[in-house]
Amino acid sequence: MLFDTHAHYDDARFDRDRDELLTSMPGKNVGLIVNPGCDLATSRMAVEMARKYQFLYAAVGIHPENCGDFDPAMIDTLRTLAGEKKVVAIGEIGLDYYWAENPPKELQQEVLRRQLALAEELSLPVIIHDRDAHADTLAIVREFPHVKGVFHCFAGSVEMARELVRAGWMLSFNGAATFKNARKAPEVIAAVPLDKLMIETDAPYLTPVPHRGERNDSSYVCFVAEQIARIKGISPREVEEATWENGRAFFGI
């Protein structure tokens, strides 16, 4: 079966049919899903959904776009949430320099460091968001050599990918790898061993071809697996099996 390692079912775009959609996933060959939070509210919702659906797991964290109101007490809340049985990572955390209106870079970096320290304390992996911040994100994760994780929707270079893989990190790819203008992702997928790759949707965002423009959901993760198979010259079944095992081992499921 397929493992969608990153989807946001807390998003309002799923309000009208969330239960129906999630209940349908095992019948669509999706056997596991991880839902990362992006702030305290969505982290709590991720935990609640993980309690309800056997195949769904949660991650808890504060996304760089959502850290503008950060208070150190929030780390205590995340620590409590992370104690829930089906919380498998700290995330989605990281740096995002793309939007000018995002919180200041210095604040983003502080919040990232505090959450990496929490992950180290709890012996949990992290889910990293890195958008237009490759150098700073890489520099900060190097400060925490005992923390391992995954760079979701990886958009860095082959050189960066190889450094992360050597350090024991995973890389995850989603529908963006299927876009006609995708350049770096296919190069990285070709260069990185299959046992270091995971697949995701980032639903409801970044819907893969041939459904680009629609709302994304975990059933479309098969198109990401098919793209990786094309790039590597192997069968989609091989990618499905490898990424299933990679994801289970990474998240300890």
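Reader: Which residues is alanine 177 in contact with, leaving aside its neighbours within four places in sequence?

Author: In this predicted model, alanine 177 is in contact with Ala182, Ala185, Ile189 and Gln227. Contact here means heavy atoms within 4.5 Å. Alanine 177 itself lies in the loop between strand S7 (170-173) and helix H7 (184-191).

Reader: Why is alanine 177 called buried?

Author: Its relative accessible area is 3%. Buried means under 20%, and 3% meets that, so alanine 177 is buried.

Reader: How far apart are alanine 177 and alanine 191, in sequence and in space?

Author: They are 14 residues apart in sequence, and the distance in space is 14 Å, C-alpha to C-alpha.

Reader: What makes glutamate 240 buried?

Author: The cut-off is under 20% relative accessible area. Glutamate 240 has 10%, so glutamate 240 counts as buried. Its place is in helix H9 (residues 236-251). Not counting residues up to four places away in sequence, glutamate 240 touches Met1, Leu2 and Asn29.

Reader: Why is H5 called roughly parallel to H6?

Author: The axes of helix H5 (residues 134-142) and helix H6 (residues 158-166) cross at roughly 10° and come within 12 Å. Angles under 35 degrees count as roughly parallel, so that name applies to H5 and H6.

Reader: What is the handedness of the crossing in which H5 passes H6?

Author: The crossing is left-handed.

Reader: Which residues of H5 and H6 meet?

Author: From H5 there are His134, Leu138 and Arg142, and they meet Met160, Glu163 and Leu164 in H6. Sorted by class, this contact has three nonpolar, one polar and two charged residues.

Reader: How many disulfides does the structure hold?

Author: It holds zero disulfides.

Reader: How do you know that cysteine 67 is in no disulfide?

Author: A disulfide needs a pair of cysteine sulfur atoms within 2.5 Å. For cysteine 67, the nearest cysteine sulfur is that of cysteine 38, 12 Å away. That distance does not meet the cut-off, so cysteine 67 is in no disulfide.

Reader: What about cysteine 222: which cysteine sulfur is nearest?

Author: The nearest is that of cysteine 153, 18 Å away, and cysteine 222 is in no disulfide either.

Reader: Why is cysteine 67 called buried, and why is cysteine 222 called partly exposed?

Author: Cysteine 67 has 1% relative accessibility, which is under 20%, so cysteine 67 counts as buried. Cysteine 222 has a relative accessible area of 23%. Buried means under 20% and exposed means over 50%; 23% falls in between, so cysteine 222 is partly exposed.

Note on methods: Residues are numbered from 1 along each chain as its sequence is written. This is a predicted model: local features need pLDDT of at least 70, side-chain atom pairs count only at pLDDT 80 or more; totals for chains, interfaces and linings use all residues. Side-chain values use heavy atoms; hydrogens and water are left out. Axes are lines fitted to C-alpha atoms, for helices over the stretch in contact, and angles run from 0 to 180 degrees between N-to-C directions. Helices (H or I, at least four residues) and strands (E, at least two) are DSSP runs, numbered from the N terminus. Angles under 35 degrees count as roughly parallel, over 145 as roughly antiparallel, 65 to 115 as roughly perpendicular and the rest as oblique. A crossing is left-handed if the near helix is turned anticlockwise from the far one by less than a right angle, and right-handed if clockwise. Ala, Val, Leu, Ile, Met, Phe, Trp, Tyr, Cys and Pro count as nonpolar, Asp, Glu, Lys and Arg as charged, and the others, Gly among them, as polar. Buried means under 20% relative accessible area, exposed over 50%, partly exposed in between (1.4 Å probe, protein chains only).
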